[in-house]
Each structure stands twice: as structure tokens, then as C-alpha cells.
Amino acid sequence: MNELSRRSFLELSAKLCAAMGLGAGMIPQLAAAAEELAAGNAPVLWLQGQSCSGCSISLLDAESIRPVKLLTSYINLSFHQTLSTATGEVAVATVNKIIAAGGYILITEGAVPAGMPKACSFGGELYGDQLVRAAKGAKAIIAIGSCAAFGGIPAAENNPTGAVSVPQYLKDKGIATPTILTPGCPCHPDWLLGTVTYALKVGIPPLDSMGRPKAFYGRLIHDQCPRFADYERERFAKTFGEDGCLFKLGCLGPITHTDCSVRPWNGGVNSCIRAGAPCIGCGGEQFAAKADVPFITKKRAAEKTDKPA
Amino acid sequence: MSKTIELSPVTRIEGHLAIKVEVEDGKVAKAYVAGEMFRGFEKILRGRDPLDAQHVTQRICGVCPVEHGTASVLAQEMAYNLTPPPNGFLARYLLQAANFLMSHITHFYILSGPDFVDVAKIADYSGSDPALVALRNWVKSQINSRSVVPGGPFLPRYAAQYLQDADANYTILRHYLEAIEMRTLAHRMGAIFAGKLPHAATLVPGGITEKMTELKISEYRSGLDTLRDFVEQCYLPDVVAVAKAFPDYFTVGRGCGNYLSYGVFPLTAGNATKLLPAGVLLEGKFQPLNPDAIAEEVGCSLYSSGSGLKPYDGETVAAPDKVNAYSWLKAPRYNGKVMEVGPLARVMVGCQDGQNAALKSAVDGLLKDIGREAGDLNSVLGRHAARALECKFIIDQCDQWLDQATPDEPTFTDFSVPETGRGCGLTEAARGALGHWLEIKDSKISNYQCVVPTTWNCSPRDDRGVPGTVEQALVGLPIADPQNPIEAARVVRSFDPCLACAVH
């Protein structure tokens with residue numbers, strides 16, 4: 001544990017405020033946040049709704065901060081359904097204790113079955129009710145993954161559960177806790193780690209109009225695409241496994257805002273487009289939404305289409 | 001007098017699972033296993049482009065997406081009458097194998113490990129291993145902190161008898177930390193061919209979009225060598241250590257005794273002979289697999305659609321208020337019989353005469369090391385042992401595939417989607433037999449049904465009231481302390497349930 005004194009936290013906070021152009025009034029607040037963080041006391045409550053746990057699995061793959069380091073030095077992951085030793089009544093009691101104490105960061109994975117509330121429950125409580133309870137006591141919410149952020153596949157056209165995103169559900173319930181979206185299917189571990197550490201250390205990071213941290217979602221995949229030169233030269237792959245720009249195979253890089261092109265996955269070993277797979281826009285707000293918009297296609301390659309503007 | 005105990009939620013599994021047991025005279029008399037989360041993938045898939053299927057179905061589960069993607073492209077390849085080139089097959093096997101290894105290592109150490117290992121013992125550690133010293137210091141600082149949940153997520157837990165031997169605890173805790181690195185490495189190896197994991201980007205009918213290069217082969221092999229060392233020097237010995245420390249768990253958690261495997265990992269590209277063969281063990285007798293014998297019943301499931309339908313004709317109409325139904329899982333049956341699927345089923349089927357002789361001799365060897373007999377395999381520890389042993393065989397098979405791959409040869413065969421067609425994709429996920437059934441009309445998906453490993457294992461009662469295999473495995477289990485029913489948790493977790501998969 002860091003043996004920093006209260007004074008050194010204040011000094012650190014003053015420097016941070018100056019660096020970020022914030023007023024002196026922020027100093028005590030930042031000092032408290034930094035102290036909490038160093039003591040490993042900044043609690044994180046992680047809840048799962050209509051999710052596949054893929055964002056949790058992705059976090060375990062994080063290489064910028066390895067999971068054990070994350071849990072012992074950066075955050076106090078008070079409860080997580082896939083990792084917590086607590087089971088059954090012990091798990092329910094733990095979650096309730098965290099909610100009662102308040103002041104935590106709530107990370108939510110998965111959509112909310114607004115149209116069929118019984119489609120998801122935890123320890124005998126409907127997930128929608130649990131989410132409302134937990135959201136009320138949270139300092140901030142991070143909706144991780146495209147299901148929590150935008151509804152994702154559970155909310156795709158023809159879904160039977162009336163699934164909605166976490167911000168939509170909370171808005172409908174009149175809850176105004178600040179909510180940050182870190183979409184992606186799954187969320188890249190760096191997107192979450194960069195966001196949660198910033199939120200704990202400094203506060204809400206700069207967000208775009210949809211609530212996504214600009215640092216990770218500020219640019220189009222297409223603009224930094226490793227196949228951009230192929231696109232410029234109109235060298236299009238006509239089927240899978242071919243070299244060239246993947247636009248005619250349905251690539252959604254031109255409309256998807258994530259930094260996958262410069263932040264490859266799994267320790268930097270690969271990324272979708274690098275591996276010849278068209279971007280399916282998994283971090284975008286329209287991911288999977290419409291049944292008649294295919295993820296990938298062979299039809300466009302057969303048609304004579306000009307390159308996109 | 002009977003007492004009802006609920007384990008709701010069961011954590012350290014994938015997804016939303018609730019267990020209810022009725023205890024009489026200190027033993028479980030009745031058990032109910034309920035899946036508690038439904039999304040309706042089969043509804044969502046209808047009307048979509050068939051090429052969406054491998055992307056959509058991977059999102060059923062973030063732990064075993066590769067296997068869903070694999071089942072989906074196999075179903076499409078049957079419908080399109082399409083065969084990938086050898087490199088396409090091999091890249092997919094290597095990807096699926098990497099996901100198996102990630103899943104099994106995660107399961108033993110991160111999901112099940114805390115049921116056996118005494119995490120709190122680390123506070124007394126006096127050795128010099130840097131990772132354990134750091135963990136000890138953190139635990140001590142946590143205990144003295146103002147934290148709402150000191151030591152979370154590793155505490156609190158059930159008060160129970162954990163591993164007594166201090167050194168064995170330290171060893172397995174050290175390996176727990178190592179296991180996190182190993183599972184990450186396995187995923188990284190998969191991403192060499194997947195683009196990213198979880199949710200592989202590259203899977204397509206006809207093969208894979210990624211190339212097969214010498215660098216990729218070497219990169220994968222380098223990771224494989226590290227995993228082999230871990231499995232042989234840590235995972236297998238740790239399973240033996242836990243098995244010796246908890247001998248009772250060779251006598252509890254006995255499932256239905258019927259086993260089903262669709263078979264997985266062809267020895268060479270497209271080969272019908274598989275490392276882990278397909279087959280059925282019904283009441284102790286081996287039969288070849290007949291996919292036509294599979295049907296799903298919904299008498300106790302929260303659906304109003306027809307019961308006993310075969311997968312091609314399957315329907316999924318949710319009925320959240322259905323009376324006398326208690327789970328979002330359907331109840332799959334094979335010729336009307338309850339089946340267990342998973343590593344134990346694969347090992348049981350593989351050990352039959354004429355299947356995989358090397359596997360049989362390895363199983364016999366491991367049992368001899370622990371001092372048990374073949375009859376003890378149908379148990380909590382039998383499942384853990386089967387999982388670990390399987391890892392060793394899969395790693396050796398990966399080496400073979402890497403030798404068979406030809407750098408720079410194609411990984412993809414082109415195709416066109418037909419207006420009508422149907423196909424089924426049968427494979428194995430880490431957790432057991434996985435099947436996708438696809439029907440295409442007007443070049444769109446007209447029906448899609450998934451019958452998933454945990455749907456078999458965690459199935460509720462069927463139309464005749466016969467409990468599923470996990471429900472059967474809980475019956476007769478002694479529970480010492482109703483406030484801390486760790487015995488039930490150990491039995492359930494030995495099946496490695498994945499509820500997002502099971503309900504989908």
C-alpha cells in the first residue's frame with residue numbers, strides 16, 4: 001500500500017488541477033479520490049444483466065494492467081458475478097452491503113429486459129429492480145459493452161424481451177446518475193481500464209455526445225485503417241481471404257467509432273480487419289439492430305459500386 | 001423434516017443460475033436447477049442473412065464464442081455443400097483448441113479453485129515468492145482497511161473446510177496467479193487466427209478469413225509450449241493434490257450415468273477420426289451417435305411452444321408466467337433419456353474399445369496416481385480430472401496440426417448462399433456437445449435452433465418429471481451446514497455451467 005500522507009495527496013491534486021486547467025475548488029475532491037484509490041478503497045460493483053460475460057472475459061485478457069494488479073492496486077472489485085468467491089445468500093448480502101454503503105462505481109454488463117422483466121433475475125430479484133437500486137447509490141455508472149451501452153444483440157430487431165440499454169432504462173426510471181458508455185462486442189479491455197482509472201482518479205473523462213470517452217471512441221476505424229491505402233487505390237477484396245479493402249464485403253469501418261485500427265486486441269497480436277474480417281461495427285450504436293442489415297455480405301462485391309465518399 | 005436451501009445466485013460460473021435443494025436428514029432429497037436469463041437468440045436470428053449466424057451466435061456466450069461460431073459455420077457448410085481447404089480446417093481447429101484451453105484453465109483455477117483452496121491462508125505466508133508476498137501484503141492491508149468488502153472479490157465466502165495443508169494452498173494460489181496469465185496466453189494464441197477474442201471475427205463458411213503463415217504457426221507453437229509446461233507441471237499435479245485432499249468428492253456428484261459426445265478435433269483436416277470421438281453411452285452400452293434421437297422438452301421450461309420437438313422443427317416462444325415451470329432452459333433428451341455432456345462424457349466415450357486407446361491408458365494412469373478406480377470417474381473430481389487430462393491431449397494434437405499446416409496455402413473456399421437449404425453443425429464446446437440447426441428459405445434464416453452443453457447438463461425436469469443430470473447429481477449429497485452449503489456449490493461447479501449458453 002502506498003504510504004502517501006494527506007498532504008502529498010493534496011499536493012498531487014493541486015498539480016493535477018493545474019495540469020487539467022481546473023479551479024482550486026476541485027483540489028480537495030481530487031485528493032479524496034486519489035487517497036481512496038491508493039488505499040484500494042474505491043469500490044467497484046459489477047452487475048450483469050442480459051449479457052454473455054464476454055466483456056468480463058475480455059477484461060481478464062487485459063495486458064495494459066494485468067487482472068491481479070488491477071484488483072490489488074487499482075480498484076476494489078467488491079462484487080463480480082463471475083469472479084466473486086461469495087455465492088448464494090453471501091453474494092446477495094455482499095451486493096446489498098455495497099449498495100447500502102453507496103459511493104461506488106457501478107459497472108453494468110448486458111442489456112435490460114424492459115418488456116419482459118422476468119427474463120433476468122439475480123438472487124430472486126429482477127435485474128431491472130436491482131439495477132435501479134444500484135444506480136441510485138452509485139457515484140457514476142459505466143455501461144460496458146454494446147448490450148449495456150446501446151442494447152446490442154439482446155435488443156436487436158425481433159427480440160422477444162423488449163431489451164433496452166442501461167442508459168435508456170435508467171432514463172425511463174428517472175435516474176440521473178452520470179453514465180459513461182464503453183461499447184464494443186466485447187469492450188476492449190483498454191477502453192474499460194482507461195475509463196475506470198480516469199473516473200476514479202480524476203472524474204468523468206471527456207465524452208462525446210453519446211457518452212463515450214473521446215480518447216477511445218473519437219475517431220473512425222476507417223480513418224486509421226491498415227487497409228486505407230487499398231481503399232484509396234480502389235483495390236477491393238472480392239471475397240473472404242483476399243487482400244485489399246474490405247468495404248465490398250460489408251466492412252463498417254467507415255461508420256464505426258473505435259480505435260481498433262491502432263489498438264489491436266489480445267496483447268496486440270491481431271485485429272479484425274488485419275485478419276481479413278470486415279468490421280461488423282460491434283462498437284457502434286446500430287450494431288445488430290436491424291434484421292435486414294447484414295453483418296458481412298458477398299452481394300456488394302458482385303455489384304458495381306463506387307468507393308464510399 | 002425437510003429444509004429448503006437456495007443457492008441463488010450461483011456465482012463463479014457463467015451467467016444466471018439458481019439452485020434450490022430440499023434437505024432431509026442432512027442429505028439432499030430433491031434438487032431444482034433454474035436458468036434465470038433469457039434473450040431469445042433463436043427469434044432474433046429468424047429473417048436475418050445466413051452469414052450473420054456465426055457472428056450473432058458467438059454472442060450467445062463470451063466464454064465459448066468460438067464453439068458457437070464453429071457450429072454455425074459447420075451448419076452453413078452442410079447447407080451450402082461446401083468444404084474448406086485444409087488450412088481453413090486446421091486454423092479453425094487451432095482456434096477452437098485455444099478456446100478450450102482458455103476455458104478449462106479458467107474453470108479449474110478461477111471458477112472452481114476457490115471452493116477448495118483456502119485463500120485466507122495467504123495471510124500467514126512467510127515465504128519469498130514475490131507474487132505471493134504481494135498478495136499477502138494486499139490481503140493484510142485489506143483486512144485492516146475501511147473497505148466495505150475487504151479482500152473483494154476473493155472474500156467473503158462460505159465458511160467451510162478448505163484445503164488444510166498450508167504449502168499445498170500456497171502452491172495452488174501461486175498457480176492461480178499463473179493460470180490468469182495462461183488463460184490470457186491461450187486467448188492470445190486463438191486471436192492469431194481469430195482477429196480478436198472473445199468473439200472471433202474471422203470465422204466464415206468455407207474456412208477462415210485470416211491467412212496461414214509460417215510466423216503465425218511459430219507464434220502459436222511458442223505459446224503452446226508454455227501451455228504444455230503449465231498443464232503438465234501445474235494443472236495436472238494440482239488436480240491430483242485436490243483429489244487426494246478431498247477424497248469424498250470422488251463419491252458425490254454422481255450424474256445420470258448416460259454420456260453424449262458429438263466428437264471434436266479431427267486428427268487431420270476434414271478427417272472423420274477425431275481426437276475425442278463421437279458416441280453415446282446409454283446405460284453403460286456404447287452406441288454410435290444418431291442426431292435424429294435428439295429432442296427438446298419444455299414441460300417444466302418457461303416456453304409455450306411445442307414439447308418434444310426435434311431441433312430442425314424447434315420453436316422458442318417465451319412464457320415467463322407459465323405455471324409449474326421453473327427454468328429458462330429447455331430439457332434436451334436423447335431417445336427420451338437424460339444425458340451428461342462435457343469433458344467427462346468425452347473421456348467416457350473416448351475410453352470405449354476401439355475409440356482412443358492412448359486416452360484410456362492416460363485415464364487409467366491418472367486414476368492409479370490418485371488411488372481410485374474407473375467407477376469413481378462419475379463424480380465431482382472425475383469431472384475435474386477429465387478436464388485437465390483433456391488439455392494435455394489437445395495440446396499434443398495442436399502440435400500435429402501445426403505440422404500439417406502449409407504456410408501461404410489458401411484458408412478459404414468460395415461459395416454462394418443458396419435460396420433454400422438446411423444443415424446442422426455438431427461440435428463440442430469446452431462444456432460439452434453443441435449443436436446448431438439451420439434452415440434457409442428465400443436466402444434468409446427461416447429457423448435456427450441451438451442445443452447447448454449446459455442445456456443438457458442443467459436441464460430442468462422433462463415432461464415425465466425426470467430431473468436433469470445436475471439435479472440428479474445433487475440428490476443424496478450430504479450438506480453439513482445449511483448456512484454454508486459449499487458441497488452443493490462444488491457439485492454444480494464441477495459441471496462448469498454456462499447459463500448464457502444454456503438459455504440463449
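**A three-stranded sheet and two nonpolar cores**

In this predicted model, B:Gly425 has B:His436, a residue of strand S14 of chain B, as its bridge partner. That pairing belongs to a longer run of contacts between two strands, since S13(B) and strand S14 of chain B, the latter covering residues 432-441, are joined by 9 bridges and run antiparallel. In general, the strands of a sheet pair through backbone hydrogen bonds, in either a parallel or an antiparallel manner.

Seen as a whole, the sheet is open and consists of 3 strands in the order S13-S14-S15 (chain B), with antiparallel pairing. Its edges are formed by strand S13 (421-429) and strand S15 (444-451) of chain B, each of which pairs on one side only, and from one strand to the next the twist averages 15 degrees. Across S13, S14 and S15 of chain B lies helix H3 of the same chain, made of residues 65-80, and this helix runs at about 150 degrees to S13(B).

From the sheet we can turn to the nonpolar cores. The largest of them has 247 residues, and among those with the most contacts inside it are A:Leu45, A:Leu106, B:Tyr109 and B:Tyr235. Helix H4 of chain B (residues 86-116) contributes the largest share of this core, 17 residues. B:Tyr235 offers a closer view: beyond its neighbours within four places in sequence, B:Tyr235 is in contact with residues including B:His104, B:Ile105, B:Phe108, B:Tyr109, B:His384 and B:Arg387. Another core, of 15 residues, lies apart from the largest one, and its members include B:Val341, B:Cys424, B:Ala433 and B:Val451.

Methods. Residues numbered from 1 in each chain as written. Chains lettered and ligands numbered in written order. Predicted model: local features only at pLDDT ≥ 70, side-chain atom pairs only at ≥ 80, totals over all residues. Heavy atoms only, no water. Pairing = 2+ DSSP bridges. Helix = DSSP H or I, 4+ residues; strand = E, 2+ residues; numbered from the N terminus. Axes fitted to C-alpha atoms, helices over the stretch in contact; angles between N-to-C directions. Contact = heavy atoms within 4.5 Å. Core = buried A, V, L, I, M, F, W, Y, C linked by side-chain atoms within 4.5 Å. Buried < 20%, exposed > 50% of the residue type's maximum accessible area, 1.4 Å probe, protein only.
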